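Hi everyone, thanks for coming. I'd like to walk you through a structure that may be new to you, so please have a look at it with me.

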Amino acid sequence: MALLSIIAAQKGDDFVSDKYAVDMKNIVKKFSGVTVLDEVNLQVKQGEIHALIGENGAGKSTLMNILSGGFSHHAYEGEVYIEGRKTKMNTPKDANGEGIVMVHQELALIPELTVAENMFLGNLPIKNSGIDWKKVYTESENILKKLALEINVRTKVKYLSIGQQQLVEIAKAIMLGGRIMILDEPTAPLTGREIEVLFNILRELKNRGITIIYISHRLEEIFELTDRITVMRDGKKIVTVSTDQITQEKLVSYMIGRDMQDYYPDTETVAGNTILEIQNYYVEHPVYQGKNIVDNVNMQFKKGEIVGISGLLGAGRTELMSSVAGVYRKKGHGIVKLDGKVIEFKNARRAIQNGIGYVTEDRKGNGLIVSKSIIFNTTLASLDKIKKHRCLNQKVEAGFVKELADKLGIKTTDIRNKVSSLSGGNQQKVVLAKWILTTPKILILDEPTRGVDVGAKYEIYSIMKELAKEGVSIIMISSDLPEIIGMSDRVYIMHEGRVTGQLLKQELSEEKIMKYATGTVAQ
């Protein structure tokens with residue numbers, strides 16, 4: 001079903017209701033005897049955009065997994081009412097039958113299938129005893145146009161960026177036509193223009209009576225988009241309040257249980273000598289022959305400074321830095337100098353040996369092996385440091401990891417626990433610990449706080465500042481403009497593979513960055 005058809009099918013304009021679309025009563029959920037949801041009550045009105053926020057580990061995802069059928073009704077205590085009807089769901093399919101659709105933070109697309117195939121997976125239209133492929137492709141193209149996503153629907157998902165994949169997931173959820181949509185960190189990999197388009201779509205759905213539960217760590221989005229907010233902390237509901245009746249500072253205090261004076265550490269950084277230079281650098285597009293995804297880029301990075309790289313989705317930021325670091329699937333061309341010497345990083349191992357660390361934007365896909373332990377993941381890139389006579393020195397290994405876990409504040413009872421047992425913020429700290437252990441000269445951070453709560457963000461920012469203070473060159477790719485402005489000493493802005501601007505800290509503003517990012521201003 002196309003987006004316009006879905007919207008037209010809803011009743012009434014500017015729909016608002018006091019009727020509860022979702023009423024979860026006294027929900028209790030335990031894992032191995034540990035209570036992760038403690039008598040939680042959540043009421044969401046029909047036709048509202050309701051924010052559900054809290055630090056990682058607060059219980060948000062567990063509560064939404066119950067609502068979306070991820071846990072059988074036998075696995076928890078309490079009652080769930082959908083539009084006034086008591087429900088007992090056992091599977092996500094049961095939830096879909098109740099009109100509930102969830103877009104998870106961790107994407108669930110099949111890489112080897114095309115965009116269109118993924119969008120219609122499980123709902124392929126049949127015509128004359130066969131699949132109506134014309135309808136599949138036409139309707140997929142129509143809804144992607146609504147999301148301003150200009151990609152070929154016959155492209156395999158594995159060739160899309162994380163941000164593009166996220167939009168495909170959202171498009172798929174819209175096509176399912178749910179009356180209740182749950183979006184878990186939907187804008188984490190998106191940039192300004194894509195977020196604006198998504199918000200317009202969500203407002204349009206809301207005005208037609210669709211109920212949206214919106215999970216995000218980006219507080220500016222919460223205040224711009226939502227009607228009411230529920231805050232969770234340590235498995236409990238703390239408060240539900242109208243968005244226009246609370247300040248950002250008070251909201252943060254509810255989330256973390258204490259007042260927070262500033263979001264960004266005020267530690268000053270001092271730039272040293274130039275350590276990395278990129279000259280006339282380009283990377284061929286992985287799909288479109290004859291087109292460059294990175295085109296004639298020139299950049300310089302100094303010791304002890306934090307340099308942001310900003311731009312819209314598809315600007316070439318990730319492709320540039322991953323190619324320079326030797327981990328992109330297409331080889332880069334141009335000159336790369338490290339400490340004044342021309343060098344080429346043919347693979348990740350060569351980059352590590354030369355002091356380059358790369359924190360990927362997709363921590364679970366490329367940054368971590370979540371089924372393995374914290375200690376295993378932390379030392380994965382530094383095995384040479386803990387070898388003794390070609391064998392791992394487990395005592396030395398444990399010592400390194402314990403020290404880093406304490407320094408970075410990784411919350412765990414045992415460094416031998418699986419990474420999958422950690423919250424998103426703590427998983428991100430494990431990725432940082434892995435690269436810190438390599439003692440990098442240059443640390444590239446791609447979306448370093450994606451899906452990370454306010455408290456953990458501040459801790460990660462403090463780690464970045466401390467590393468810069470120690471002389472590490474920090475390169476931060478981020479779609480979060482307040483983060484770019486709050487943390488960067490300088491910012492390069494990219495548009496369609498090219499650098500269109502460079503701004504110093506005192507020049508930074510969202511308006512200036514967006515002018516360069518949209519190609520309005522050319523350098």
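Let me begin with a word we'll need: two strands are said to pair if DSSP finds at least two bridges between them. Please also keep in mind that what you see is a predicted model.

With that in hand, here is a sheet to look at. Four strands form an open sheet in the order β14-β13-β16-β17, and the pairing is antiparallel. At its edges you'll find β14 (292-302) and β17 (341-342), each of which pairs on one side only. Further in, strand β13 (residues 274-284) and strand β16 (residues 332-338) run antiparallel and are joined by six bridges. If you want a spot to click on, try Val283, which has Gly332 of β16 opposite it. A helix also packs on this sheet: α10 (residues 317-324) touches β13, β14 and β16, and its direction makes about 115 degrees with that of β13.

Now please move to another sheet. This open sheet has four strands in the order β2-β1-β4-β5, again with antiparallel pairing. Why do β2 (34-45) and β5 (85-87) each have one side without a neighbour in the sheet? They stand at the edges with a single partner strand each, so one side of each is left free of a neighbour there. On average, neighbouring strands of this sheet are turned by 25 degrees against each other, if we ignore direction.

Within that sheet, five bridges link strand β1 (residues 20-31) to strand β4 (residues 77-82) in the antiparallel sense. One residue to look up is Lys25, whose bridge partner in β4 is Glu79. Here, too, a helix packs on the sheet: α2 (residues 60-67) is in touch with β1, β2 and β4, and its direction makes about 115 degrees with that of β1.

Next, a strand with a rather different setting. Is strand β3 (residues 49-53) largely enclosed or left open? Five of its five residues are buried, so the rest of the structure largely encloses β3. As a reminder for reading strands, side chains in a regular strand alternate between the two faces of the sheet. In β3 both faces are covered, with Ile49, Ala51 and Ile53 buried on one side and His50 and Leu52 buried on the other.

β3 has parallel partners as well. Four bridges join β3 to strand β10 (residues 211-215), and the two run parallel; in β10, Leu52 has Ile215 as its bridge partner. Four bridges also pair β3 with strand β11 (residues 228-233), once more in the parallel sense, and there Ala51 has Ile229 as its bridge partner.

Finally, let's zoom in on a charged residue. Asp446 sits in strand β21 (residues 442-446). Asp446 is buried yet has no salt bridge, and the nearest side chain of opposite charge, that of Arg317, is 6.3 Å away. What does the side chain of Asp446 make a polar contact with? The partner is the side chain of Tyr358, at 3.3 Å. Apart from residues up to four places away in sequence, Asp446 touches Thr318, Tyr358, Val359, Thr360, Glu361 and Ile477.

Let's stop at Thr360, which lies in the loop between β18 (356-359) and α12 (363-367). Its relative accessibility is 13%, so Thr360 counts as buried, the cut-off being under 20%. Beyond its neighbours within four places in sequence, Thr360 is in contact with Asn366, Gly367 and Asp446. Thanks for listening!

Methods. Residues numbered from 1 in each chain as written. Predicted model: local features only at pLDDT ≥ 70, side-chain atom pairs only at ≥ 80, totals over all residues. Heavy atoms only, no water. Axes fitted to C-alpha atoms, helices over the stretch in contact; angles between N-to-C directions. Contact = heavy atoms within 4.5 Å. Buried < 20%, exposed > 50% of the residue type's maximum accessible area, 1.4 Å probe, protein only. Lys, Arg positive; Asp, Glu negative; His and termini not counted. Salt bridge = Lys/Arg side-chain N within 4 Å of Asp/Glu carboxyl O. Polar contact = N/O pair within 3.5 Å; in protein donor to acceptor, adjacent residues only side chain to side chain.
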